[in-house]
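Here are a few exercises to help you find your way around a new structure. Have a go at each task before you read the solution.

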Amino acid sequence: MNTVFRKLQVSVTQQAFVLNQALTSCRATPSIQHPVWTAVNERQYKTMPTHGIGRWRHLLPREAPKKKKDRHQMKEILAETDTAYGTLNVKVSGYDMTLVEHYSQYIHNLCNRLGIKVAESYALPTKTTEVMLMQEQGTKMFVDAVLKTHSRVVQLSSLNATACPVFIDVLLKNQPEGVQLSVQEHTEADFHARFKGRPELEGLMAQMGN
Amino acid sequence: MAAPCRRMASRSLLQFLSCFSRTAVGNAGFRQFSSTSVCRATLMTQSVTARARSPWTLMAAVCLQRFPVISADCTPIEQQFRQMMRQMELEKSLLSDHELRLLEDAERMSRKQADDYDSDEDDDLGDQEIVLAQDLEDSWEQKLKSFQPTPRVTADTDEDLTSLERCLADSLFLLAEQQVGEGKLWLLPQTRWQDGETLRQTAERALASLPAAGLKATFLGNAPCGVYKYKLPKAARTESTVGTKVFFFKAVLSDSGPPAAPNAPLLWAKKSELQRYLKPSYMMAVDRFILGL
């Protein structure tokens, strides 16, 4: 209660102070017909105490403008330390796309929940396999089925050695039928395998080398 | 303290390049584990002079599990939802190539049977006129009928606690009856830690010392997943031994080898059955890391 009264008193005195100041300023310049109004710009609320209260972008560190070439730079491949594994690729592959995608989403969500940092999550190109059967009467092979192998990769940047058994246990318990799971270290070759080859460039480089 | 904890990730090279696949080919009931052999970093045994003797005897136990082979049956709500989603997807879907071909063939047949049929008007389809889509469907139906799937649940094998084929939809854990102190107790296979080896090697030794030969397992990581502390009753305590600490390591069964002798004190139990065999305080410690998914 006391604090409330004290605040009221303080605000009352402050208001009185402000009013006094305003009155004195008005009395000081009675003749001038407010030339200040025309000189100032339209945004008169700059004098509001809360002006610029929502500004936050000036508090962020300066970022260099992104160039288009940077998008294809490889992220750092971490090496393993004594207590954590390096960059790992968890690859999920199978014939049924819904199962594969849902399982890779499950892995990603599980990592988020367990606090395992996920560096990247991407898909590798689909590989199509044609199953050819021999015809019953005759020697010609005919196409029996077309199987497509889909694969998704979840790249983990650092996996704690204590979290690893729990993580892999949960993954294996929830692995659906028909889906293969493989955990490998990430290498530069893996990264470059994702890009399309450029035969003309390679030809020219070979010529230059020769 | 007493047990040296080596670099946790020193065996990682071997662990990593391992591929788990879940296909029906190969041993029924086991995941195919393929691990490429990479040269393991040899662990140098560190000689610690004047190591403080701890009053606890250390043991390492292995929690060997066989993962479920088939997915569990859906609950009634899941079944109803699945049926509803299937119906919705069917109603929203478009016709596939095969179904379009069926319709075209049916339409062509009806045109051929009409009186004023002019065969020159039709496009030349060749093979499609000889082997109709309906014939293909019939041949596929025949093949499906000759396929016999194995039954998912076999009541007989489910009762047999020592068989590995029981309860294909759940994960099973290996229990062994071992001599502890005076009496025999059912617990996860354990053995005593010796100087100069890591706890994980102790756990591997515990697995190898079981009467069931040929149990091949892949250990998940070098870090233990649980610990159980047991203080001896006051009468048995001396200055050097106050009790035992058991560290548990998780391992996944990759190959079972020849079946064990029927008298071997081993059994495979589900998580819900563990309570019948384990002591309550031990069960509480084990419950924390055994996942009942």
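Before we start, a pocket here is an open set of grid points with protein on both sides within 12 Å along at least five of seven lines. Keep in mind that this is a predicted model.

**Exercise 1.** Work out what volume the largest pocket has, and which residues are the closest to its centre.

*Solution.* Start with the volume: it's about 970 Å³ for the largest pocket. Next, go to the lining, which has 21 residues. The closest to the centre are F142(A) and V143(A), along with V131(B), L136(B) and W140(B).

**Exercise 2.** Find which elements give two or more residues to that lining, and sort the lining by class.

*Solution.* Take chain A to begin with: look at β3 (117–134) and β4 (141–160). Then move to chain B, where you'll want α3 (97–113), α4 (127–130) and α5 (133–145). Of these, α5(B) gives the most, with 5 residues. Sorted by class, the lining has 8 nonpolar, 5 polar and 8 charged residues.

**Exercise 3.** Track down the residues that form a nonpolar patch on the surface, then decide whether M132(A) is buried, partly exposed or exposed.

*Solution.* The patch is made up of M132(A), M134(A), M141(A), V143(A) and V146(A), and together they have about 440 Å² of accessible area. Two elements of chain A, β3 and β4, each give two or more residues to the patch, and β4(A) gives the most, with 3. Now for M132(A), which sits in strand β3 of chain A. Its relative accessible area is 38%, so M132(A) is partly exposed.

Notes. Residues numbered from 1 in each chain as written. Chains lettered and ligands numbered in written order. Predicted model: local features only at pLDDT ≥ 70, side-chain atom pairs only at ≥ 80, totals over all residues. Heavy atoms only, no water. 1 Å grid on protein atoms, 1.4 Å probe; cavity = no way out; pocket = protein on both sides within 12 Å on 5 of 7 lines; lining within 4 Å. Points joined across faces, edges and corners; volume = space filled by probe spheres on them. Helix = DSSP H or I, 4+ residues; strand = E, 2+ residues; numbered from the N terminus. Nonpolar A, V, L, I, M, F, W, Y, C, P; charged D, E, K, R; others polar. Patch = residues over 30% accessible without salt bridge, like charges linked within 9 Å, V, L, I, M, F, W, Y side chains within 5 Å. Areas by Shrake-Rupley, 256 points an atom, 1.4 Å probe, with all protein chains shown as cover. Salt bridge = Lys/Arg side-chain N within 4 Å of Asp/Glu carboxyl O. Buried < 20%, exposed > 50% of the residue type's maximum accessible area, 1.4 Å probe, protein only.
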